[in-house]
Amino acid sequence: MSDVTVKEFAEAIGVPQDRLLAQLKEAGIEVESTDDAVSLEDKQKLRNYLNQKHGKEDGLGEEGPKKVTLKRRVTSELKQPTGMAGKGSKTVTVEVRKKRTYVKRSVVNAEENKRIDAEVVERLEKQIDEDQRLHEQEAESARIRAEEEARRRAEEEEVARLAAEELARKAAEEAEAARIAKEEESRRAAASKATSPKEADEEPAARKARKEKEVKTREIKEKESDKGAKRGAKRSGRSEGGDEELHIAGGKGRRGAGSKKSGRTATAKGGRRDTPVAAAAHGFTRPAGPVVREVSLPETITVGELAAKMSVKAAEVIKQMMKLGTMVTINQVLDQETCAILVEEMGHVPILMKENALEDEVLSSHTHEGEELHRAPVVTIMGHVDHGKTSLLDYIRRTRVAHGEAGGITQHIGAYHVETDRGMITFLDTPGHAAFTSMRARGAEVTDIVILVVAADDGVMPQTREAVQHAKAAGVPLIVAVNKIDKPEADPDRVKNELAQFDVIPEDWGGDTMFINVSAKAGTGIDALLEGILLQAEVLELTAVTDGPASGFVIESRLDKGRGVVATVLVQRGTLRKGDIILAGHEYGRVRAMLDENGKSIDEAGPSIPVEILGLSGAPAAGEQALVTTDERKAREVANFRQGKYRDVKLARQQQAKLENMFSQMEEGKVSTLNILLKADVQGSVEAISDALNKLSTTEVKVKIIASGVGGINESDANLAIASNAIVIGFNVRADASAKRLIDEQGVDLHYYSVIYELIDQVTQSLTGLLQPEFREDIIGIAEVRDVFRSPKFGAIAGCMVIEGTIRRSNPIRVLRENVVIYEGELESLRRYKDDVSEVKNGVECGIGVKNYNDVRVGDQIEVYERIQVARTLSSSSK
């Protein structure tokens, strides 16, 4: 650690600068000003000086006593009568002893200085310990760097030595080869001179035989060389291609060199000539340069996994991180940016990967190539609640869907396709209740044409305006169906005037929106409505590719007790077939069965056809994109990745909510929370109810949906509700036998609903009961103090005149002086003349005694008030 100045040192140990300068000089440390440096040795010297200083002061070397004690004794006599006649009195001797101690001021000052210096020494000890720890860390880092540098130099020297040995060996081999060639040439020359004519005739045949023998000998040597190379690779634990490995300890290279040497020795003993090819095959060649790897880096990776990708030990990675100034462990998770810097520092090339690479690959591979054919229009019927949307669709389909919905209102997205004389039309019926905003928005996103149903006797309502906004946001054409035209109070022109305010201009007014008067009850105008839909579809020129894998949207999903997960999917492109592997949001699966809206089994469905599919792993969220893939493994991996990402986002939001709640509760007080466990029959209803309940939360009371899902209420749901003290709400579902028994035993609050506005009203009432009571103070009387009397029993009694309202004895009071409240309490007594009374009216004099307060003065006012509890509502608490 670098030296610090006297000023910084004084701030660190909490001592005034001038006092520290004086102590440093007393300790023999040469400092002149606060800008001089103080080293670790100076700090230790100061600590030793302070310890020695107070050790001497505590000794007996000080001259003279430190304190003086004075004792005084006084004796006196008292006479007391005996209480007996004729006995007189007796005398009692009383002795009073007094003791007083005087301490020198220098001793007191010394004690105070000793205490201050003891605190300084304690802080100084901590400072010195910290400096020593940092010094040891720096020394350890320097030692590690020195060892690393020494190891690197040793490796470089070893490489240079091996290279020199290799060059010397090659030079020796070349010289030996030259010597052998020269001897062979001399032998051949001598033999040619000594050869007879007969031998000369036989020379070509002998030379041919000798060459064949040499070829066979060379082949045998090459085979033995290959076997030796394989045995050497097996002993070193590496394959034949392992010569390119980078991270090899020096000992292995030396063992490889020893193998080559032993190989040459064995060859010499065997009488065979050692060739350069055979020697290289038997040895191990150390890589001349480092191997640069391409390391793929995901968003996060542990230290151990990163070391495995670079083929190094985890200790090497940890050591490199220490050089970069970070202490890590083998299981610690590193981010992508840190890993990229680390990989570059270790000489490799980082390749940054995206976590959703597989998902992008699956989505990009899902293409539709082929001929575009005409498809049926997808029509969404939207409008306000009870304006006749489902009844209009009933007449078209000749069914009775509206009577089947609870409360007569639509609570799901119904998907149907209808065959007409001019072609097929697919209808989506959306709810009109305010709680189903997201379902209406989802219906507008997947549609081609929107039919806006407006009751002629009711006009434009809030959900009507919302439906217009959804249609414009989705950019789809609008057809207005003015329903209930058969009623006497029907006024179609009023509907046109009100919709014109939202830029929905009729065609007969010069606009581009068709207005068609219909009656869902009598069937008036239905043919004209269908004609207008098909005409608009021809203008849009709706086409889609029918060949290839299907893609579409999940309209609705639910959990059926007998069939499992059932999802309603609207196919937009391609053809969905039984047995296809489908990926829908966080879920995947193989299509085990397909049903149309009438419950009939079908084998395939083309564009604009809504179907119910079975076989998914779970209930997908409504509005998710559904894709058919060819690889089930990839579909499973993408679904698992999406689930993990959703889980991470959910946990992050929960953590953020916990922090926000902590700070808000610290500022505003604790918020009352109503825990709810919600189960419904379909996913769309779960989403709509959750949104509606969350909107009921205010600053004082909050709705917290601890769990929600599709399907019946089971035993695990009941256990969760018991653990979290939640109420259980079932929307069109019921609890099974085991859950019902557990709920009855534990007294869990269970409610069943089939109409959403009844559920919302009940929860609103429950939240109202959680609101903190609100009190209002009403002043009922004021009395003015005219005089003050003193009573031995009650203290100060104020003689008052009631100038406003009525003074009641049982109510709380305030004492005001010059219109400022100086006391709040209650009355102790209220009298009229000498009689206690319960109340005194305006214009009457009385006496008032204030409990536990006697500072009443003439001119004060005594204000009597009462607290009244005011009933609160959620609307008032949200303001």
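**Exercise 1.** Which strands each supply at least two residues of the lining of the largest cavity?

*Solution.* The model is predicted. Begin with the count, which comes to 1 cavity of 30 Å³ or more; the volume of the largest cavity is about 30 Å³. Next, list its lining: Ala550, Ser551, Gly552, Val569, Val571, Leu576, Ile582, Ala626, Leu627 and Val628. Then assign these residues to elements: strand 17 (551-560), strand 18 (564-573) and strand 25 (625-629) each contribute at least two. Strand 25 gives the most, with 3 residues.

**Exercise 2.** Determine which side chains of strand 5 are buried, and identify the strand with which strand 5 pairs.

*Solution.* In a regular strand, side chains alternate between the two faces of the sheet. Strand 5 (residues 294-297) shows this alternation: Val295 and Leu297 point to one face and are buried, whereas Glu294 and Ser296 point to the other and are not. For the pairing, strand 5 runs parallel to strand 8 (residues 349-352) over 4 bridges. Within strand 8, isoleucine 351 is the bridge partner of serine 296.

**Exercise 3.** Describe the span of helix 15, its buried residues and the residue that follows.

*Solution.* Helix 15 (residues 462-474) contains 13 residues; at 1.5 Å a residue the expected span is 18 Å, and the distance from first to last C-alpha, 19 Å, is close to that value. Its buried residues are Gln463, Thr464, Glu466, Ala467, Val468, His470 and Ala471. An α-helix has 3.6 residues a turn, so residues three or four places apart point the same way. Glycine 475 follows helix 15, with a positive phi near 70°.

Technical notes: Residues numbered from 1 in each chain as written. Predicted model: local features only at pLDDT ≥ 70, side-chain atom pairs only at ≥ 80, totals over all residues. Heavy atoms only, no water. Expected span 1.5 Å × (residues − 1). Buried < 20%, exposed > 50% of the residue type's maximum accessible area, 1.4 Å probe, protein only. Pairing = 2+ DSSP bridges. 1 Å grid on protein atoms, 1.4 Å probe; cavity = no way out; pocket = protein on both sides within 12 Å on 5 of 7 lines; lining within 4 Å. Points joined across faces, edges and corners; volume = space filled by probe spheres on them.
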